[in-house]
Amino acid sequence: PASVVGVLAIVAEPDVLTHEERTLADAIVSEGELALDRARAMEAREEAAVLAKNEQLRANLLRSISHDLRTPLTSISGNADVLLDQGSTGTAVLDSQTRRGMLLSIRSDAQWLNATVENLLAITKLEGGGMRLSTTLDDIVEEALRHVNPAVREHDLKVVACDEPALVNVDARLMVQLVVNLVNNAITYTPTGSHIVISISVDDGRVACSVADDGPGIAPEDRERIFESFYTANHGLADSHRSVGLGLSLCRSIALAHGGSIEVAAADPHGSVFTIELPAADVSFDKE
C-alpha cells in the first residue's frame, strides 16, 4: 500500500492561487514523487546487493569450512584407527618413532580444528555485539599467550610492556582472539627459532600493540590482500590446503568494531610487523 512520505504546503488565502500556479504546484509534487521513488528503488537495490554479497560470503565460508575441516578430521580418524588396530593385534607393527609421529599429527590437527572453531565463535559474537569493559592490553596479551599454539615454545617470544597503563574499552574475549590469531600467524609462517616480539605503547590517545617477527616476511602484493576473507599469503584463496583464511580477516573485523585499525608492514631487516591501534579508554571524570 502507498504511504505518505511528505507534504507540500502552500500558505495562501483561499482561491488566491491561479490555475497556472496550481499546475506548477502539481508538477513540483509529481517531480518530488518521482525523485523519492527513484531514491527508494536505489536503496532497495543497494540492500539487495548487500544481502546477495552476504549470502555469497556465507556460501563461500560454508564451502571453505566443509572442504578444510574434512582433511584434518580424516587424518585424525585414520591415524587413530591405525593406532587402535596396532593395539588390538598385540604385536608392535609400528616403531616408537612412527607412533609418535602419528600422535603429533593427531594433536596438530586437533589444535588447528580448535583454533578454527574459536574463530567461528568469535565471528558469531562479533556479529551479535559484545560487552565492552575497561582493561589493559597487557592483560589481554597475557591471557592470549595462554591460548596460542604450543609450538610457540620452538620460537623466541618476548613481550615489551608499556611504562603507562594501556587502558582500552574492549570485549576482552574478542581482543584476546585477535592477539592469538596474530601470534599463531607468526608461529605458523616463520621457521623454528625465529624471534617474535609483542610490543605495547600509548601515544596521543591511542593504544597500540604490535606483533613482529623475523621470518621470511610477506610480499608487498600480498600485504594488500591478507586481511580478506579466505585469502592466505603465498597461496591465494584458501581452497587447496588446511586453512580457511579467516584469522587475519577476523582480526581486521575485531579492530574495526572497536573503532581501531590494523595494518602490516615489513620488518627490518626481514619479517613482518602487524600493528593494532585502538582508542585509549577515557578515564576522566567530572569534578563537583
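A residue counts as buried when its relative accessible area is under 20%. Keep that cut-off at hand for the exercises below, which explore a predicted model.

**Exercise 1. Decide whether serine 272 is buried or exposed, and describe its surroundings.**

Step 1: Place the residue. Serine 272 lies in strand 9.

Step 2: Apply the cut-off. Serine 272 has a relative accessibility of 3%, so it counts as buried.

Step 3: Look at what surrounds it. Setting aside neighbours within four places in sequence, serine 272 contacts Val211, Ala212, Asp213, Gly217, Ile218, Val264, Ala265 and Ala267.

**Exercise 2. Work out how strand 8 and strand 9 are arranged.**

Step 1: Find the direction. Strand 8 and strand 9 run antiparallel, joined by six bridges.

Step 2: Pick out one pair. Isoleucine 262 sits opposite isoleucine 276 of strand 9.

Step 3: Follow the chain from one strand to the other. The two strands, 8 and 9, make a hairpin with five residues between them. In its turn, glycine 271 has a positive phi of about 115°.

**Exercise 3. Find which residues of strand 3 are buried, and name a strand that pairs with strand 3.**

Step 1: Recall the general pattern. Side chains in a regular strand alternate between the two faces of the sheet.

Step 2: Check it here. Val168 and Val170 point to one face and are buried, whereas Leu167 and Asn169 point to the other and are not.

Step 3: Look for a partner. Strand 1, residues 133-136, pairs with strand 3 in the antiparallel sense through four bridges. Within this pairing, threonine 136 has leucine 167 of strand 3 as its bridge partner.

**Exercise 4. Describe the largest nonpolar core and say which element gives the most to it.**

Step 1: Start with the members. The core holds 38 residues, and those touching the most other members are Leu137, Met175, Leu178, Leu182, Phe274 and Ile276.

Step 2: See where they come from. Elements giving two or more residues include helix 3 (137-144), helix 4 (172-188), helix 6 (247-257) and strand 9 (272-279). Helix 4 gives the most, with 10 residues.

Step 3: Zoom in on one member. Beyond residues up to four places away in sequence, leucine 178 touches Cys251, Ile254, Ala255 and Ile276.

Step 4: Look elsewhere. A second, separate core has seven residues, including Ile76, Leu83, Leu94 and Trp112.

**Exercise 5. List the buried residues of helix 6, then look at its cysteine and search for disulfides.**

Step 1: Go along the helix. Leu248, Ser249, Leu250, Cys251, Ile254 and Ala255 are buried in helix 6.

Step 2: Consider spacing. An α-helix has 3.6 residues a turn, so residues three or four places apart point the same way.

Step 3: Check two cysteines. Cysteine 251 is buried because its relative accessibility is 0%; cysteine 209, at 1%, is therefore buried too.

Step 4: Search for bonds. The whole structure has zero disulfides.

Step 5: Step past the helix end. Glycine 259, just after helix 6, takes a positive phi of about 75°.

**Exercise 6. Sum up the whole protein and find where to read the model with care.**

Step 1: Count the elements. The protein has six helices and nine strands.

Step 2: Apply the burial cut-off throughout. Of its 288 residues, 32% are buried.

Step 3: Check confidence. The average pLDDT is 80, and 79% of the residues score at least 70. Over residues 235-244, however, the pLDDT is below 50.

Step 4: Draw the lesson. Where pLDDT is low, the predicted coordinates should not be read in detail.

Technical notes: Residues numbered from 1 in each chain as written. Heavy atoms only, no water. pLDDT = per-residue confidence, 0-100. Contact = heavy atoms within 4.5 Å. Buried < 20%, exposed > 50% of the residue type's maximum accessible area, 1.4 Å probe, protein only. Core = buried A, V, L, I, M, F, W, Y, C linked by side-chain atoms within 4.5 Å. Disulfide = S-S within 2.5 Å. Pairing = 2+ DSSP bridges.
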